[in-house]
Amino acid sequence: MKRSTALTLLRLSCVIAMGFSVALIVDATRAAPAFCATGSGCDAVRRSGYSSLAGVPVPYIGLLAYAFVFVLAMSKDAAKQWGARFAALGGLVALGLLALQAVVIHAFCTLCLGVDISALLAGAAGAFLMRSREPAPEVLPGATWASLVLAALFGPVAAGTMVPNTSAPADIR
C-alpha cells in the first residue's frame with residue numbers, strides 16, 4: 001500500500017466514523033430515534049450499562065476522538081505519526097467494543113458497527129503509517145476534506161430532522 005493511500009484511508013475512515021457518531025448522538029438525544037428502531041440492536045446497546053463512560057455517552061467520546069485523530073492526520077509529518085498511533089489504538093478499542101456487543105450485550109448496533117469498522121480501517125492504515133516514514137503526497141485538497149467533515153457533522157443532524165421526533169401511541173403501534 002502506498003503511504004498516500006494509507007493516509008487517505010485513515011482520514012476518510014475518521015470522517016465516516018464522525019458521521020456515524022453524530023447519527024448515534026442524534027438518536028440518543030431524541031424522544032424517538034431517527035436512525036435505529038426501538039427494540040433494535042442499537043436500542044439494546046444504548047440501554048446497556050456500556051453506552052457511557054464516566055457518565056459521558058460513548059458517541060460523544062468517539063466523535064471527539066475521531067475529530068482529534070483527523071486533525072492530527074491533516075497536520076505536519078510529526079503530528080501525522082501521532083495520528084497514526086492514535087488511530088491504531090482506536091482500532092484496538094473498536095475490537096473491544098465489537099467483542100462487548102457480541103459476548104456481553106448479545107446485540108449489535110448497526111451505527112456502532114459503522115463506527116467500529118471505520119475505526120478498524122483507520123487502525124490498519126495507522127499501523128501501516130507507523131512503519132513508513134516517507135512523506136505522503138496529498139491526494140485530496142484541504143477544501144475537499146473540510147467539505148467531507150461538514151457533511152459528516154451536519155448530514156445526520158439534517159437527516160434526523162426529517163423524521164418525526166415522537167413515538168406513536170401504544171394503540172396505534
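1. How close do the axes of α3 and α4 come, and at roughly what angle do they cross? In this predicted model, the two axes come within 7 Å and cross at roughly 145°, and the crossing is left-handed. On the α3 side the contact is made by Phe68, Val69, Leu72 and Ala73, while α4 brings Ala79, Lys80, Trp82, Gly83, Phe86 and Ala87. It may help a new reader to keep in mind that two packed helices are described by the angle between their axes together with the distance between those axes.

2. A second pair to look at is α1 and α6, whose axes come within 8 Å and cross at roughly 20°. Because angles under 35 degrees count as roughly parallel, α1 is described as roughly parallel to α6. The crossing in which α1 passes α6 is right-handed. From α1 the residues that meet the partner helix are Thr8, Arg11, Leu12, Val15, Met18, Gly19, Val22, Ala23 and Val26, and on α6 they meet Trp145, Leu148, Val149, Ala152, Leu153, Pro156, Val157 and Gly160.

3. The next point concerns the interior. In soluble globular proteins, nonpolar side chains tend to be buried together. Here the largest nonpolar core has 40 residues, and those with the most contacts inside it are Leu10, Val15, Met18, Tyr66, Phe70 and Cys109. At least two residues of this core come from each of α1 (3-28), α2 (41-47), α3 (58-73), α4 (77-105), α5 (110-131) and α6 (142-161). The helix that gives the most to this core is α1, with 12 residues.

4. Tyr66 deserves a separate look, since Tyr66 is among the residues with the most contacts inside the core. When its neighbours within four places in sequence are left aside, Tyr66 is in contact with Cys14, Ala17, Met18, Ser21, Val115 and Ala119.

5. Which cysteines form a disulfide? The model contains 1 disulfide, formed by Cys36 and Cys42, with their sulfur atoms 2.4 Å apart. Both Cys36 and Cys42 are buried. Cys14, by contrast, is in no disulfide, and the nearest cysteine sulfur to it, that of Cys112, is 17 Å away. Because buried means under 20% relative accessible area, Cys14 counts as buried at 1%, and Cys112 is likewise buried at 14%.

6. Is Leu121 buried, partly exposed or exposed? Leu121 is found in helix α5 and, at 41% relative accessibility, counts as partly exposed, because that class lies between the 20% limit for buried and the 50% limit for exposed. Leaving aside neighbours within four places in sequence, Leu121 is in contact with Leu9 and Ser13. Its C-alpha atom is separated by 10 Å from that of Ala17, although Leu121 and Ala17 are 104 residues apart along the chain.

7. Leu92, which has its place in helix α4, is a leucine to set beside Leu121. With a relative accessible area of 57%, Leu92 is exposed, because exposed means over 50%. Measuring from C-alpha to C-alpha, Leu92 and Asp116 are 9.7 Å apart in space, and they are 24 residues apart in sequence.

Key:
Residues are numbered from 1 along each chain as its sequence is written. This is a predicted model: local features need pLDDT of at least 70, side-chain atom pairs count only at pLDDT 80 or more; totals for chains, interfaces and linings use all residues. Side-chain values use heavy atoms; hydrogens and water are left out. A nonpolar core is a set of buried Ala, Val, Leu, Ile, Met, Phe, Trp, Tyr and Cys residues joined through side-chain atoms within 4.5 Å. Buried means under 20% relative accessible area, exposed over 50%, partly exposed in between (1.4 Å probe, protein chains only). Helices (H or I, at least four residues) and strands (E, at least two) are DSSP runs, numbered from the N terminus. Contact means heavy atoms within 4.5 Å. A disulfide is a pair of cysteine sulfur atoms within 2.5 Å. Axes are lines fitted to C-alpha atoms, for helices over the stretch in contact, and angles run from 0 to 180 degrees between N-to-C directions. Angles under 35 degrees count as roughly parallel, over 145 as roughly antiparallel, 65 to 115 as roughly perpendicular and the rest as oblique. A crossing is left-handed if the near helix is turned anticlockwise from the far one by less than a right angle, and right-handed if clockwise.
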